[in-house]
Amino acid sequence: MATRLNIRVNGLVHRVPANRETPLLYVLRNELDLIGPRFGCGLAQCGACSVLLDGKEIRSCVTPVAAVSGRSITTLEGLPALWASKHGRASSAAPALHPLQQAWIDVGVPQCGYCQSGMLIQAADLLSTNKNPTEDEIRAAMNGHLCRCGTYPKILTAIKQAAAVMAKKT
Amino acid sequence: MKTDAILEKEFSRKVFLKGGGALIVSFGLARAGLPADALAAPPGKALPISADQVDSYLTINADNTVTLYSSIMERGQGTRTSLLMIAAEELDVAMEQISHAHLDTSTTPFTGLAGGSQGTTIGGSFVRAAAATAKQSLLGLASASLGVPAANLTVDKGVVSGGGKTVTYGELVGGKLFNVTIPQKVQRNDLGVFQRLLRPGLEPGEPPSKPVEQYKLVGKPQPRVDVPDIVTGTLIYSGDVRLPGMLHGRVVRPRGQSSLLHSHTTFGPYGTNYTLELLAGGGQKVRSVDESSIRHIAGARVVRVGNFVGVVAPNEWDAIQAAGELKVRWDEPSSPLPGNGKLEQALRAAEPGLPASTPIPGPVSPLLITEMGDVESGLAKAAKTVSATFRTAYLLHGPTGPHNAVADVAPGGTTIYHQCGPNYGLAAQGVAQAIGIPPASVREISYQGSSFYGGHSTDQDCPTAAAVLSKAVGKPVRVHFMRWDDMGYDNYDAAEVVDVRAGVDAHGKITAFDYVAYSQRDSAQPPSAINTGGVYLIPNRKVVGNVAPRMFMTAPLRSPMDRGPAFSTEQIIDELAYTTGSDPLEFRRQNMTGNAPWLAVLNAVATAANWKPGRAARKLSHANIVTGRGFGFGTHAYGGGLQGPNLDFRTLDPTTPAAVIADIEVNKKTGKIRVKHVYAAVAPGLVINPARVADQVIGTAVMGTSQALIEEVTFDKSNVTSLDWVTYPSLRFKDHPNVTPIVIQQLDALPGGCGEEPISALFPAIANAFFDATGVRIRQVPMKPAVVRDALARARKEKR
């Protein structure tokens with residue numbers, strides 16, 4: 001039964017029509033036009049759909065929208081503002097890019113790019129709790145995210161690079 | 001993304017006022033969902049896409065920017081950036097001044113197919129020819145405008161200088177047509193991708209294109225133009241297209257295809273008919289559909305066309321639910337699958353007379369790929385001989401994001417929005433055939449999407465499904481395949497069984513090499529003459545491919561038909577080296593006298609990895625976890641169909657050689673192999689963008705590791721059982737190797753492909769490293785733990 005739910009995404013509260021059981025992914029993409037999170041498997045196996053829920057990575061393809069009501073969602077599109085807010089800046093003064101996004105550009109990580117939104121979300125989660133992860137810690141933290149193009153080695157490099165930049169700014 | 005947002009990001013295509021001839025009107029025609037009449041009949045006459053006209057390929061805009069039109073889709077390899085580099089180099093404009101128009105069959109000329117990693121080479125030759133011809137025309141115009149001879153003009157960033165005066169390209173032709181014909185060297189072959197020597201455009205340095213030594217941009221690392229949009233979530237992928245009034249659709253069929261051995265339709269070129277068949281239950285007939293089973297889902301509707309069953313609904317999740325809950329009864333498959341255990345037996349049941357390849361009529365089984373000398377007498381003369389059987393698995397394409405498409409079948413014309421495969425315009429043909437309209441009436445607009453590493457996986461099936469549904473309901477329909485659709489109904493890369501015999505004389509020279517393969521081939525290619533010993537000087541060599549009865553439709557997957565040949569051949573070469581007590585690299589060098597490009601990659605990778613010469617398996621240990629290092633050669637044979645006598649590196653069309661050294665770790669108890677480091681060298685001739693070729697080396701090293709260690713399409717006696725990332729595992733982050741890519745730049749050589757080669761080289765490199773670590777040969781991929789444990793157990797038994 002379709003109803004209306006309030007969800008908070010990238011700092012804004014939206015009133016969306018949705019069945020309570022509808023996975024969050026379809027609400028983000030089809031109701032809010034947020035195209036960062038993507039459909040990869042619908043089974044929480046690949047991480048293409050990942051978003052942050054109160055700062056922690058979740059799989060939006062298997063998370064009912066009702067379960068996130070009243071909590072804070074961040075998608076790829078919201079990463080720059082999230083980074084700004086962590087540094088006491090209003091989101092209107094947000095930099096264009098989160099340091100992870102900048103590192104992704106500098107290292108030239110993406111190939112087809114389909115998985116990269118989920119990768120960036122997971123990396124943001126990792127660096128929010130572990131400022132200076134080792135290679136093994138990065139490998140373990142990112143293990144739930146699949147990339148068929150084989151960009152893992154460059155993601156590893158980019159996360160280390162972003163961590164170094166972020167450490168300087170905190 | 002909704003239509004309005006698309007519009008802002010969209011392209012505009014020049015449209016010429018009728019009779020005016022020279023005035024370009026910018027016209028935002030691509031708004032998804034514009035009234036059909038606006039799309040079908042823009043004011044004035046659309047640009048004729050003529051293969052020999054500069055205007056078909058590029059536009060100089062009044063603001064001194066350039067728009068490039070090419071039919072090569074960006075599929076994650078940076079090809080579109082490379083094409084921009086080629087055009088910018090020839091025109092002497094900066095990368096910031098040039099961009100690519102959207103790929104749209106109504107406005108984009110054919111610039112070759114992107115298959116076989118030929119997007120940059122073939123597509124580049126078209127672009128180079130157009131841009132170089134345009135440059136000449138621009139210099140002529142500038143000369144007249146400035147009153148300075150063309151020879152005395154210089155160009156920087158689209159500004160022409162001479163005699164103390166300047167004029168910009170935009171001032172010269174912005175808003176006007178070139179009306180210049182590109183000289184045609186040779187007629188395009190319909191299978192241009194395989195005709196490497198018949199590139200229709202200009203090769204680097206070929207007049208009037210710029211001499212290679214004057215290159216400022218090409219040959220130096222460039223960032224990809226689309227990466228910032230990817231990491232900010234602003235790049236529009238095919239899956240983001242939404243049209244007004246659009247419904248969401250899903251296909252309903254058994255989970256996992258069954259055998260297509262006795263299928264009810266005839267297979268057409270590259271499968272326009274089997275596309276329909278796979279969409280319509282595969283080998284299983286629909287017996288009954290209970291439409292009442294989804295009555296509780298608001299707005300959901302069943303569509304049946306023959307054996308095709310689908311659902312549509314206004315809401316995507318409702319469509320997914322409806323497809324899952326619709327009760328359909330299917331007949332048993334018309335013919336059984338052998339089950340994984342009997343795969344080898346099924347492949348060895350090859351039948352003489354079966355065609356080797358569906359789209360190209362001609363050779364039938366058995367295929368004699370090459371024959372030199374006499375293998376039996378060569379083996380008789382050998383001091384030592386080795387022989388073995390090798391097995392590879394069916395693999396699937398498995399894009400991270402399943403295929404998706406929007407189709408709008410409307411009275412004014414049919415438009416499909418999706419990610420096109422390497423074969424430009426093929427999906428439009430398939431759609432036309434499926435819904436019974438002329439191919440020319442289908443417009444195909446292509447967006448970036450999840451890469452799928454090959455031709456015809458499900459890239460054609462999805463728009464066809466969307467079009468069948470759209471036609472039935474009279475509205476635009478979007479179909480996003482579910483994970484199980486994409487895996488269970490993919491056209492797989494063919495499994496192979498290979499028997500190899502080889503001999504070596506007392507001086508360490510290979511005397512004979514005999515290669516017999518069994519595989520179903522369909523749209524894939526026969527065994528490569530290069531990957532089956534063609535790298536070496538072998539006086540007696542025979543390569544034969546036997547065609548097995550069809551189990552599935554197969555289609556090329558990145559480095560198609562290279563894995564089995566390289567995995568088997570390069571292990572046999574290593575075995576020969578071992579039997580003669582030689583260092584595997586030195587043994588190869590001795591047997592490939594004069595083969596410069598292959599020696600170059602061998603030496604490059606040996607240097608990078610700091611290879612210590614010596615016989616393999618000289619440091620065996622009783623420890624549970626042991627390490628080893630192995631070498632392998634591989635390529636992708638662009639002359640895939642090449643067959644004939646006396647084929648070795650002296651006679652073959654040059655391809656891109658790859659050499660790989662793999663460092664691995666084996667856990668003997670668990671059977672788990674970890675590939676710790678891959679050193680991979682490629683020499684693709686003139687490298688347009690070295691940074692992106694390095695990306696391809698890294699990507700293929702990771703993908704090759706995944707395929708060699710764990711990937712395998714599984715099936716029981718009725719249906720495919722690989723339906724998700726648990727039943728078809730793919731290498732995870734934790735297990736990826738570190739990769740050292742080595743890209744050899746050869747400014748004086750023709751550009752070659754570079755998206756595949758390390759994959760086939762890596763397969764034997766891992767297997768040879770396994771032998772180095774354990775003293776045991778592993779002759780089956782994937783080298784999953786069970787296969788490893790079995791190989792080690794068998795070796796222990798033989799020892800006793």
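Student: Where in chain B does B:Leu326 lie?

Tutor: Heads-up: this is a predicted model, where local features need pLDDT of at least 70, side-chain atom pairs count only at pLDDT 80 or more, and totals for chains, interfaces and linings use all residues. Residues are numbered from 1 along each chain as its sequence is written, while chains are lettered from A and ligands numbered from 1 in the order in which they are written. Helices (H or I, at least four residues) and strands (E, at least two) are DSSP runs, numbered from the N terminus. B:Leu326 is in the loop between helix 9 and strand 15 (327–330) of chain B.

Student: Is B:Leu326 buried or exposed?

Tutor: Count the other C-beta atoms (placed from the backbone) within 10 Å of a residue's own: 20 or more means buried, 12 or fewer exposed, and in between partly exposed. B:Leu326 has 21 of them within 10 Å, so the verdict is buried.

Student: Which residues is B:Leu326 in contact with, leaving aside neighbours within four places in sequence?

Tutor: Contact here means C-beta atoms, placed from the backbone, within 7 Å. One partner, B:Ser293, is 33 residues away in sequence but 5.5 Å away in space, C-alpha to C-alpha. The list is B:Val252, B:Val289, B:Ser293, B:Ile294, B:Val302 and B:Val311.

Student: In what order do the 8 strands of the open sheet in chain B come?

Tutor: Strands pair if DSSP finds at least two bridges between them, and the pairing in this sheet is mixed. Strand 7 (103–104) and strand 13 (301–305) of chain B stand at the edges with a single partner each, so one side of each has no neighbour in the sheet. The order is 7-20-19-18-21-11-14-13.

Student: Which residue in strand 14 of chain B is the bridge partner of B:Arg301?

Tutor: Strand 13 of chain B and strand 14 (residues 308–313) of chain B run antiparallel, joined by 5 bridges. The partner of B:Arg301 is B:Val312.

Student: Why is strand 19 of chain B largely enclosed by the rest of the structure?

Tutor: Look at who sits beside strand 19 (residues 413–418) of chain B. It pairs antiparallel with strand 18 (residues 404–410) of chain B over 6 bridges, and parallel with strand 20 (residues 442–446) of chain B over 5 bridges. Strand 19 of chain B is largely enclosed because, of its 6 residues, the number buried is 5.

Student: What unit do strand 19, helix 12 and strand 20 of chain B make?

Tutor: Imagine the strands pointing away from you: a crossover is right-handed if the path from the first strand over the helix to the second runs clockwise. Here helix 12 covers residues 426–435 of chain B. Together, the three elements make a right-handed β-α-β unit.

Student: Which residues have the most contacts inside the largest nonpolar core?

Tutor: A nonpolar core is a set of buried Ala, Val, Leu, Ile, Met, Phe, Trp, Tyr and Cys residues joined through C-beta atoms within 7 Å. The largest one has 279 residues. Its best-connected members are B:Ala87, B:Val660 and B:Ile766.

Student: Which helix of chain B gives the largest share of the side that touches chain A?

Tutor: The contact takes 46 residues from chain B and 46 residues from chain A. Among the elements of chain B that each supply at least two residues are helix 7 (227–232) and helix 18 (690–709). The largest share, 8 residues, comes from helix 18.

Conventions:
Contact = placed C-beta atoms within 7 Å.
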